Amino acid sequence: RYDAGLIIAPGNEKGYLALDSVYAIEAPDWSSFVEIVDDLVENKSDNTFKLIALDTIDELISIAIKKTLQVHFQRKGEKVDTINQAMGGYSAGQVYVQDIVNNQLARLENAGYGLFFIGHCKLKTIKKQGDSSEEDGYQQLTGTLDGRFESIFADKADIICTINVEREVDNGHVTGTQRYLYFRSDGF
């Protein structure tokens, strides 16, 4: 049932346009995101949504950071350029972002919606301390968000899955595709 899910596309994310038969709504900035959450929470009985997907969490954090910089300016009367400078520094800007994002996610969860987070990933080279050569270390597929922001979502997730699509190319033409799903280890 495709009417059981809603995609919220924060910031500049438009990936939902490549999907058929989905309900999606854009939230270009933090205020519009909060308005969407307000509507979903206040009018839960008026819709059929069971699952809310955030596509992407990278863009959600981006609009939350912009909001944090605006709030800093309103409170302090000074413009800052980075989240590290916001709210007096010493990680206060990052903590503010965590708080406002967590607050909105909690509102959706408390209203009874299931949450599905979509994020971008990258290859990261992991090296042991002291290794200096380029050959040392190994590649790991990881999220693009800073660890502090990624934990907002990872700490709430029952399942974390990284999807990797590998394409076989011959003479510039794709001849095959393999999809791999990697699930977060449970630590055992």
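Two strands count as paired if DSSP finds at least two bridges between them. With that in hand, the sheet in this predicted model is easy to lay out: four strands form an open sheet in the order β2-β1-β3-β4, and the pairing is parallel. At the edges sit β2 (23–27) and β4 (114–118), each of which pairs on one side only. Going from one strand to the next, the twist averages 20°.

A word on confidence comes next. The protein chain has an average pLDDT of 87, and 91% of the residues score at least 70. Among the elements, helix α1 (residues 30–42) comes out highest with a mean of 97, while strand β6 (residues 138–143) comes out lowest with 69. Where pLDDT is low, the predicted coordinates should not be read in detail.

Back to the sheet, and to one pair of its strands. Strand β3 (residues 51–55) and β4 run parallel and are joined by five bridges. Looking at single residues, Ala-53 has Phe-116 in β4 as its bridge partner. Helix α1 packs on this sheet and touches β1 (5–10), β2 and β3, with its direction at about 140° to that of β2. Helix α3 (residues 92–110) packs on the sheet too, touching β3 and β4, and its direction makes about 140° with that of β4.

How do the two helices sit relative to one another? The axes of α1 and α3 are 9 Å apart, and the helices pack at an angle of about 20°. Angles under 35 degrees count as roughly parallel, so α1 is roughly parallel to α3. Their crossing is left-handed. On the α1 side, the contact is made by Trp-30, Phe-33, Val-34, Val-37, Asp-38, Leu-40 and Val-41. Facing them from α3 are Ile-100, Val-101, Gln-104, Arg-107 and Leu-108. Sorted by character, the residues of this contact come to nine nonpolar, one polar and two charged.

Further along the chain, the pairing takes another form. Strand β7 (residues 161–170) and strand β8 (residues 173–183) pair in the antiparallel sense, over 10 bridges. In general, strands of a sheet pair through backbone hydrogen bonds, either parallel or antiparallel. Together β7 and β8 make a hairpin, with two residues between them. Asp-170 stands opposite His-173 in β8. In the turn, Asn-171 has a positive phi of about 55°.

Note on methods: Residues are numbered from 1 along each chain as its sequence is written. This is a predicted model: local features need pLDDT of at least 70, side-chain atom pairs count only at pLDDT 80 or more; totals for chains, interfaces and linings use all residues. Side-chain values use heavy atoms; hydrogens and water are left out. pLDDT is the predictor's confidence in each residue, from 0 to 100. Axes are lines fitted to C-alpha atoms, for helices over the stretch in contact, and angles run from 0 to 180 degrees between N-to-C directions. Contact means heavy atoms within 4.5 Å. Angles under 35 degrees count as roughly parallel, over 145 as roughly antiparallel, 65 to 115 as roughly perpendicular and the rest as oblique. A crossing is left-handed if the near helix is turned anticlockwise from the far one by less than a right angle, and right-handed if clockwise. Ala, Val, Leu, Ile, Met, Phe, Trp, Tyr, Cys and Pro count as nonpolar, Asp, Glu, Lys and Arg as charged, and the others, Gly among them, as polar.
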